[in-house]
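This briefing goes through one protein model by topic. Please have the sequence and the coordinates open while reading.

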Amino acid sequence: MNDQSDYVFLGNFDLKNAKSICDSLDQKRIEFEIEIDDQPIRNMSPFQAAYGGTFGSGATANIYVEPDSLEQCEIIVRAN
């Protein structure tokens with residue numbers, strides 16, 4: 001995320017949940033930023049890569065929102 005952003009951290013979510021949350025935020029016209037964290041995939045050993053990978057748990061998404069909308073966003077997260 002941009003270090004100069006005024007947005008605050010909403011949470012870290014698996015990609016499926018992040019998509020659902022972002023869709024809900026978009027429907028409510030709440031501005032957000034998203035940052036994909038693929039560190040587990042980048043650090044995967046060749047053995048793990050050859051025998052199954054991360055089984056869908058490798059990449060996650062950090063979602064950031066404007067401070068004024070944090071409370072409303074937390075309600076949206078709980079509903080998803």
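The points below cover the overall fold, the strands, the charged residues, the surface patches and the loops.

The model is predicted, and every value here is computed from it. The protein has four helices and three strands. Of its 80 residues, 30% count as buried.

**Overall fold**

- Along the sequence, the elements of the protein come in the order β-α-β-α-α-β-α.
- The three strands and four helices include β1 at residues 8–14, helix α1 at residues 15–27, strand β2 at residues 32–37, α3 at 46–50 and strand β3 at residues 60–65.

**Strand β3 and its partners**

- Strand β3 is paired with β1 in an antiparallel arrangement, with six bridges joining the two.
- In this pairing, N12 is found opposite N62 of β3.
- Strand β2 also runs antiparallel to β3, and six bridges join these two strands.
- Here I34 stands opposite I63 of β3.
- Strand β3 is mostly covered, with six of its six residues buried.
- The residues of β3 point in two directions: T60, N62 and Y64 go one way, while A61, I63 and V65 go the other way.
- Both sets of β3 residues are buried, so neither direction leads to an exposed residue by the cut-off used, which puts buried at under 20% relative accessible area.

**Salt bridge**

- How many salt bridges does a search of the whole structure find? The search finds one.
- The salt bridge links the side chains of D23 and K19, with an N to O distance of 2.9 Å.
- D23 and K19 both belong to helix α1 and are four residues apart, so about one helical turn separates them.
- D23 is partly exposed, at a relative accessible area of 36%.
- K19 counts as exposed because its relative accessibility is 53%, and the cut-off for exposed is over 50%.

**Surface patches**

- D6, E31, E66 and D68 form a negative patch on the surface.
- Of these residues, D6 is placed in the segment before β1.
- D6 is exposed, as its relative accessible area is 64%.
- A nonpolar surface patch is made by L15, I34 and I36, and its area is about 260 Å².
- I36, one of the residues of the nonpolar patch, is in strand β2.
- I34 thus appears twice in this briefing: as a member of the nonpolar patch and as the residue opposite I63 in β3.

**Loop residues**

- Which residue has a positive phi although it is not a glycine? This is R29, with a phi of about 60 degrees.
- R29 lies in the loop that connects α1 and β2.
- At a relative accessibility of 75%, R29 counts as exposed.
- A59 is placed in the loop between α3 and β3.
- Is A59 buried or exposed? A59 is buried, because its relative accessible area is 14%, and the limit for buried is under 20%.
- A59 and D14 are 45 residues apart along the chain, yet 6.9 Å separates their C-alpha atoms.

Note on methods
Residues numbered from 1 in each chain as written. Predicted model: local features only at pLDDT ≥ 70, side-chain atom pairs only at ≥ 80, totals over all residues. Heavy atoms only, no water. Patch = residues over 30% accessible without salt bridge, like charges linked within 9 Å, V, L, I, M, F, W, Y side chains within 5 Å. Areas by Shrake-Rupley, 256 points an atom, 1.4 Å probe, with all protein chains shown as cover. Salt bridge = Lys/Arg side-chain N within 4 Å of Asp/Glu carboxyl O. Lys, Arg positive; Asp, Glu negative; His and termini not counted. Charge placed at Lys NZ, Arg CZ, Asp CG, Glu CD. Buried < 20%, exposed > 50% of the residue type's maximum accessible area, 1.4 Å probe, protein only. Pairing = 2+ DSSP bridges.
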